[in-house]
Amino acid sequence: MPNIGGRPAMVAVDDIVRAGRELGMRRLSVKAVAVRLGVTATALYRHVDGRWGLERLVGESILAELRLRDDPRHGLERHLLSFALQMRAFMLEHPGLAGYLQLLFPRGDGGQRLLNIEVDALVRRGYEPGAAIVLSGAVASMTIAMTASEENSAAAEETDGDGLDRERQAVRDRLSRDDRLAGPSAALPQVPRPEYVRLLVTASIRGLIESCPPGRPVAEMVADLAATGEGL
C-alpha cells in the first residue's frame, strides 16, 4: 500500500489482522505491524486502541479458530483433561497466545465464546453456571500458565540451547552432590514433557473436582478452602 500522490497510505482492519497474524503474537507490536504494512503507526491508531487493542484484535482472531470437542461419553474428569489438552495444543501451535490469555481472559468475543462452550459442557454434567465458570476458569488458568512456561523454555532453547543445556547439567550435578537428594532424584522416572503436563493437569483436576463437585455451592467451596488456609 504505497503512499500515492502525497496522501497517507490507507489501511483496513483486515490488513492489520493479516499482518499481525503473519508476525505472530510473540513479535506483535504496533510498530512491527506498521512497518509490515508500509504505513505509519498513526494509520493503525485509527483502527486499534494502541498495543492493547492490537493484541485483542489479533488474539481474538486466532481464538476464533479454536473448536473445542466435547465427547458426551467422557465423564467429568476426562472431559476437563480433554479441555485442557486441547487448549494446550492450540496455544503451542500459536506461539505467544498463551501470554495473551494469561494476562486476562476472556478479553473479547473469541474467548467469551470458548468460555460459554465450556460452561455449557459442565452444566450438562451437573454444575450450576456459576460453579461451571469457576471450575472451567481454574482449569484454563492452570493450563495457560503451564503452556506459557513451556513456551519460555522453548524460546530459551532457540536463543541459547547450549547455555540452557549447561544450566540443566549444573542442576543435575548440584543434586548429585547432595547427600539427601542425590539418591531419590536419580531414582525418579524420566517423564517426557507432554506426559508430565498430562499427569500434573490430571492431578490438579482431581483436586478441583473434589473441592467443587457438581451441586456444591461456590460460596461453600470458597469458605472451606479459606478455612484450610487460615493462619498461614
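Helix α8 is the biggest contributor to the lining of the largest pocket, giving seven residues. This is a predicted model, and the pocket in question holds about 610 Å³ of space. In total, 16 residues line the largest pocket, and those nearest its centre are Arg168, Val171, Arg172, Gln190 and Val191. If you want to trace the wall by elements, look at α8 (129-176), α9 (182-187) and α10 (193-211), which each give two or more residues to the lining. Sorted by class, the lining of the largest pocket has nine nonpolar, four polar and three charged residues.

Now turn to the second largest pocket, where about 210 Å³ of space lies. Its lining is made of 14 residues, with Met25, Arg26, Gly96, Gly99 and Tyr100 closest to the centre. Here the elements giving two or more residues are α6 (97-103) and, once again, α8. By class, the lining of the second largest pocket has six nonpolar, four polar and four charged residues.

From the pockets, let us move to helix α5, which spans residues 76-93. With 18 residues, α5 reaches 26 Å from its first C-alpha to its last, close to the 26 Å expected at 1.5 Å a residue. Many of its side chains are worth finding in the viewer: the buried residues of α5 include Leu76, His79, Phe83, Gln86, Met87 and Arg88. Which elements do the buried residues of α5 pack against? They pack against α4, α6, α7 (109-123), α8 and α10.

Arg88 deserves a stop of its own. Is this arginine of α5 buried or exposed? Arg88 has a relative accessible area of 13%, and because buried means under 20%, Arg88 counts as buried. Leaving aside residues up to four places away in sequence, Arg88 touches Thr143, Thr147, Glu150, Pro194 and Val197.

Helix α5 also helps to enclose internal space. The model has three cavities of 30 Å³ or more, and the largest cavity has a volume of about 60 Å³. Among the residues lining the largest cavity are Phe83, Met87, Leu114, Glu118 and Ala140. Helices α5, α7 and α8 each supply at least two residues of that lining. By class, the lining of the largest cavity has eight nonpolar, two polar and one charged residues.

The second largest cavity has a volume of about 40 Å³. Its lining includes Leu68, Asp70, His79, Phe83 and Glu118. The elements giving two or more residues to the lining of the second largest cavity are α5 and α7. That lining divides into four nonpolar, two polar and three charged residues.

Next, go back along the chain to α2 (residues 30-37), where Val30, Val33, Ala34 and Leu37 are buried. Why do these residues share one side of α2? They sit on the same side because they cover an arc of only 100 degrees around the axis. This fits a general rule: an α-helix has 3.6 residues a turn, so residues three or four places apart point the same way. The buried residues of α2 pack against α1 (13-23), α3 (41-45) and α4 (50-63). Lys31 and Val35 are exposed, on the face of α2 turned away from its buried side. Just after α2, Gly38 takes a positive phi of about 75 degrees.

Our last stop is α11 (residues 218-228), the helix that holds Val222. Val222 is partly exposed, at 45% relative accessibility. Between Val222 and Ser211, eleven residues apart in sequence, the C-alpha to C-alpha distance is 8.9 Å.

Technical notes:
Residues numbered from 1 in each chain as written. Predicted model: local features only at pLDDT ≥ 70, side-chain atom pairs only at ≥ 80, totals over all residues. Heavy atoms only, no water. 1 Å grid on protein atoms, 1.4 Å probe; cavity = no way out; pocket = protein on both sides within 12 Å on 5 of 7 lines; lining within 4 Å. Points joined across faces, edges and corners; volume = space filled by probe spheres on them. Helix = DSSP H or I, 4+ residues; strand = E, 2+ residues; numbered from the N terminus. Nonpolar A, V, L, I, M, F, W, Y, C, P; charged D, E, K, R; others polar. Buried < 20%, exposed > 50% of the residue type's maximum accessible area, 1.4 Å probe, protein only. Arc of directions from axis to C-beta. Contact = heavy atoms within 4.5 Å. Expected span 1.5 Å × (residues − 1).
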